[in-house]
Amino acid sequence: MSAVIQTSGLTKRYRRVTALSDCTISVPEGRISALVGPNGAGKTTLLRLLAGLAEPTTGQAIVLGGTPRQDPAYLAEIGFLAQEVPLYRRRTAEDHIGIGAHLNPRWDGESVRTRLSRVRIPLDRPVATLSGGQRAQLALALTLAKRPGLLLLDEPLAALDPLARQRFLGTLAEAAAAGGLTVVLSSHLIADIERVCDHLILLAESRVQLCGDIETLLEEHRILTGPRKDTTAIARTYAIVREDTTPRQTTLLVRMNGPVINPVWSVEEASMEEIVLGYMSQDDPDYSTERAAPRLSAVGGDQ
Amino acid sequence: MTWVTWQQYRYQAVAAAALFAALAVVLLITGLHAAAVWHFALTHCAADKSCASLVGSDLPLGNSVIATLVVATSAVPVLPGLLWGAPTVASELETGTNQFAWTQSITRRRWLAVRAGWLLLAAAVLAGAVSAIVTWWSGPFNALTADAFQVNRFDVTDIVPVGYAIFAMALGICAGTLLRRTLPALGITLAGFGAIRLVIALWIRKHYLTPITVYYKLTTPFTPPGSYLPVSQGVVGANGYPPTSGAGAVGVDGVPIPAACQQFMGRTNFNLRPVLSCMTTHGYRGYVTYQPASRFWAFQGIETGIFAVLAAVLIGITFWVLRRRDA
């Protein structure tokens, strides 16, 4: 299957900070990819580079067979939804449908009306009077009405309550099921991601830590638990992502490329959350605590 | 994009049209009155051949409140730039809606071209319409006082207001794009427009073309014909320099009286003739340097051109920045 997004060494530096560093990822066609990582990891920067809203300092991105650029044909293929869900506050949904109709070659305004009427969002009221969830629904519907080949969504779930999240993801899954659509969706909410996503890009400290199909990633990673023991033997064969040690036992998150033979270690499957947290906390001393500590239900601080 | 622009600015357009209509009604009523008075005075002076003395007389053409209002229309050209120009990009950047607009299937270049194009046109039309009615209204007043070329008259009539309006709009759009914030952009637009208008009107305009200098005998004062633009005026001696103040330092209209002629001052009883004759015999001459009334349209053209070029530069900068900078 061809890659819709293929980047190599994509780097974005602002005056002093490096927002994204040497980002090389590949997202195959038809995936719903979750872009996760702590705040400030470069998720927004990556999405903006892919949308052509920002230019990379170095490196290259190939999206749908071309570089992201200010060009009507390219922009027609991209659906971008920024984090703060920017819409014209004093205009109605119907006004926005009109704007879209005048600025896009293929535009399905009717689909917006259908989607909104299904979730009972009024078309004739200013956006400012809508709730956060309604606004997000409207913005997603407008983005989908472009009939894009690639949908880039920056934390669309952050401001939504659980019910609104469910509706939003439902709309998204339905659109993706119709085919011809690839989605990259940044979020902190692992549980929601697990429901709809089948691909994962993990950024931390402006670098790519992990990129691949979730199924493969789950297969590759294991949690090893054993007595407190020297782990160099394990490290020779497998990549240890994270190591937690207590006086009595050692817990390892490892990326496997074969079975563990030593019976000292008990092997368990790793959950998405354990994998994500494992990679995100690699260099963070605060996280190097006992595994018995209460688990975070989500990654990052937006919850 | 034209539809989108119209949708965004339709209420402002209606409001501007309403305000213009109100101004037009006021100027139409008072202007018709002034025209009637002027016409009446002309027919009468033609009958007794006294029209030469009409210019500069105190013929009551209308009340001073309206005359002040007309001078105040020099603020009209900056308004579209302030109210529509400065926020047009800045407010999108402030609210993030540019991310919505610029990810539709339209390039930023075209988005700006259409929007800025219509806004520039709107500013030009509004300023042009106000100027047209002000120009018509000013006809009798300028004829009576022969000051069409003066600051505050020249600046509100004919084509220069269109140039000002285009410049203010371009400045507003450019400032909003560079500063990314509406309020600072408003400030810069107002200050920038005011400063450049002032500098040009007070110091630069006089020098668009080489002015004409006429020397005259002090005993037969010379005033250039028609609505001329004075550059400078004074008295020079045979050596080409103005008289220096003597011991007495008595002066007439700021011109020091040469020592040799001061003796006449005491007995003049406000009759300057002996002094002026004395100065003439000592080789002093009066001079006036001015731009003749015939250059009025050339100056209108030059000034409009200057502001149009400034506007073009600002719009060029805006395009460049919008295209190059990350959204």
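# Exercises on sheet, helices and domains

In strand E13 of chain A, Leu253(A) is the bridge partner of Ile223(A). The model is a predicted one, in which local features need pLDDT of at least 70 and side-chain atom pairs count only at pLDDT 80 or more, while totals for chains, interfaces and linings use all residues. Residues are numbered from 1 along each chain as its sequence is written, and chains are lettered from A, with ligands numbered from 1, in the order in which they are written.

**Exercise 1.** Place the pair Ile223(A) and Leu253(A) in its sheet, and find which strands stand at the edges.

*Solution.* Helices (H or I, at least four residues) and strands (E, at least two) are DSSP runs, numbered from the N terminus. Strand E11 (residues 221-227) and strand E13 (residues 249-255) of chain A run antiparallel and are joined by 7 bridges, where pairing of two strands requires that DSSP finds at least two bridges between them. Next, the open sheet of 4 strands in chain A has the order E12-E13-E11-E14, with antiparallel pairing. Strands E12 (239-245) and E14 (266-269) of chain A therefore stand at the edges, each with a single partner strand, so that one side of each is left without a neighbour in the sheet. From one strand to the next, the twist averages 25°.

**Exercise 2.** Classify the packing of H5(A) against H6(A), and then that of H5(B) against H9(B).

*Solution.* Axes are lines fitted to C-alpha atoms, for helices over the stretch in contact, and angles run from 0 to 180 degrees between N-to-C directions. Angles under 35 degrees count as roughly parallel, over 145 as roughly antiparallel, 65 to 115 as roughly perpendicular and the rest as oblique.

In chain A, the axes of H5 (residues 132-145) and H6 (residues 162-177) come within 10 Å and cross at roughly 10°, which makes H5(A) roughly parallel to H6(A). The contact (C-beta atoms, placed from the backbone, within 7 Å) includes Leu140(A) and Leu144(A) of H5(A), with Phe168(A) and Leu172(A) among the residues of H6(A). By class, this contact of H5(A) with H6(A) has 7 nonpolar, 3 polar and 1 charged residues; Ala, Val, Leu, Ile, Met, Phe, Trp, Tyr, Cys and Pro count as nonpolar, Asp, Glu, Lys and Arg as charged, and the others, Gly among them, as polar.

In chain B, the axes of H5 (residues 108-145) and H9 (residues 296-324) come within 9 Å and cross at roughly 150°, and H5(B) and H9(B) are therefore roughly antiparallel. Arg108(B), Arg109(B), Leu112(B) and Ala116(B) in H5(B) meet residues of H9(B) that include Ile315(B) and Phe319(B). The contact of H5(B) with H9(B) has 5 nonpolar, 1 polar and 3 charged residues.

**Exercise 3.** Describe how the domains of each chain are divided and where they touch.

*Solution.* Domain bounds come from an automatic or database domain assignment, which for chain A gives domain 1 (3-214) and domain 2 (216-287). Their C-alpha centres lie 33 Å apart, and 13 residues of domain 1 of chain A are in contact with 8 residues of domain 2 of chain A. On the domain 1 side, E10(A) gives the largest share, 4 residues.

Chain B is divided into domain 1 (17-209 + 293-324) and domain 2 (212-291), with C-alpha centres 39 Å apart. Here 11 residues of domain 1 of chain B are in contact with 7 residues of domain 2 of chain B, and the domain 1 side divides into 7 nonpolar, 1 polar and 3 charged residues.

Notes. Two residues are in contact if their C-beta atoms, placed from the backbone, lie within 7 Å.
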